[in-house]
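Thank you all for coming; I would like to walk you slowly through one structure this morning. Please keep the sequence and the view in front of you while I talk.

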Amino acid sequence: MIDRTWHELADAILSLEQELRMAAMWQGDSPSAQQLSSSAPFCVDTLSFDQWLQWIFIPRMVEIIEQGEGMPGACNIQPMGEEAFAHLGRQRYRLIEVLGDIDRLASRLA
């Protein structure tokens, strides 16, 4: 069950990347080191939520999955996604669904 959950989490992370790409929110240029080093939750003072997902969250989740580390705790990123992606209209629903999947799977592994 645990191994399957890790695989499902990896699939959800890939789905998140795909959804960000389809929504034209995937960026080619990395933010500055200063922007990435913010200590604010979700780097809200230096990055948009989609940038935080791309440059901080996804790489960290990939690292956790590849190293087989235990989850540090529940993610709880869906509520932030609901607010951050509200401007997308109907396009936000799949992104929010994927964030919910990640929250659910990560909490099982925490």
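Let me begin with Glu19, which is buried in this predicted model, with a relative accessible area of 14%, and that falls below the 20% under which a residue is called buried. Its partner is Arg94, and the two form a salt bridge in which the closest N and O atoms are 3.6 Å apart. Arg94, for its part, is partly exposed, at a relative accessible area of 32%. Because Glu19 lies in helix H1 and Arg94 in helix H5, the pair ties together parts of the chain that are 75 residues apart in sequence.

Arg94 also meets a second acidic side chain, that of Glu97, in a salt bridge of 3.3 Å, N to O. Here both residues lie in helix H5, three places apart, which is about one turn of the helix. Glu97 is partly exposed, with a relative accessible area of 44%. As a general point, an α-helix has 3.6 residues a turn, so residues three or four places apart point the same way.

How many salt bridges does a search of the whole structure find? The search finds seven, and among the residues involved are Arg4, Glu8 and Arg108, which are linked in a network of salt bridges.

One more of these pairs takes us into helix H3, where the side chains of Glu63 and Arg60 meet in a salt bridge at 3.0 Å, N to O. Being three residues apart in helix H3, Glu63 and Arg60 are separated by about one helical turn. Glu63 counts as partly exposed at 35% relative accessibility, and Arg60 is likewise partly exposed, with a relative accessible area of 35%. If you would like a sense of position, Glu63 and Asp3 are 60 residues apart in sequence and 16 Å apart in space, going from C-alpha to C-alpha.

Let me stay with H3 for a moment. This helix covers residues 49-67, has 19 residues, and reaches 25 Å from its first C-alpha to its last, which is close to the 27 Å expected at 1.5 Å a residue. Where does H3 bend? The bend, of about 35°, is at Phe57, and a proline, Pro59, follows within four residues. After the helix comes Gly68, whose phi is positive, near 65°. Several H3 residues are buried, including Phe49, Trp52, Leu53, Phe57, Ile58, Met61 and Ile64, and the buried residues also include Asp50, Gln51 and Gln54.

Turning now to the aromatic rings, the count comes to five aromatic pairs. One of them joins Phe42 and Phe49 in an edge-to-face arrangement, with 5.7 Å from centre to centre and 70° between the planes. Phe42 is partly exposed, with a relative accessible area of 22%, whereas Phe49 is buried, at 5%. Ring pairs link Phe42, Phe49, Trp52, Phe57 and Phe85 into a cluster.

That brings me to the nonpolar core. In soluble globular proteins, nonpolar side chains tend to be buried together. Which members of the largest nonpolar core touch the most other members? They are Leu16, Leu53, Phe57 and Ile102, out of 29 residues in that core. Helix H1 (2-22), H3 and helix H5 (92-109) each supply at least two residues of this core. For Leu53, if we leave aside residues up to four places away in sequence, the contacts are with Leu16, Leu20, Ile58, Pro59, Ile77, Phe85 and Leu99.

Finally, I would like to point out Gly81, which lies in helix H4, residues 78-84. Is Gly81 buried or exposed? Gly81 counts as buried, because its relative accessibility is 0%. Again leaving aside residues up to four places away in sequence, Gly81 touches Phe49, Ala86, Ile96 and Leu99. From Gly81 to Gln54 the separation is 27 residues in sequence and 13 Å in space, C-alpha to C-alpha.

If you take one thing back to the view, I would suggest Leu53 and Gly81: Leu99 is among the residues that Leu53 touches, and Leu99 is also among those that Gly81 touches.

Key
Residues numbered from 1 in each chain as written. Predicted model: local features only at pLDDT ≥ 70, side-chain atom pairs only at ≥ 80, totals over all residues. Heavy atoms only, no water. Expected span 1.5 Å × (residues − 1). Bend = angle between axes of the 7 residues up to and from the residue. Buried < 20%, exposed > 50% of the residue type's maximum accessible area, 1.4 Å probe, protein only. Phe/Tyr/Trp six-rings, centres within 6.5 Å; stacked < 30°, edge-to-face > 60°. Core = buried A, V, L, I, M, F, W, Y, C linked by side-chain atoms within 4.5 Å. Contact = heavy atoms within 4.5 Å. Salt bridge = Lys/Arg side-chain N within 4 Å of Asp/Glu carboxyl O.
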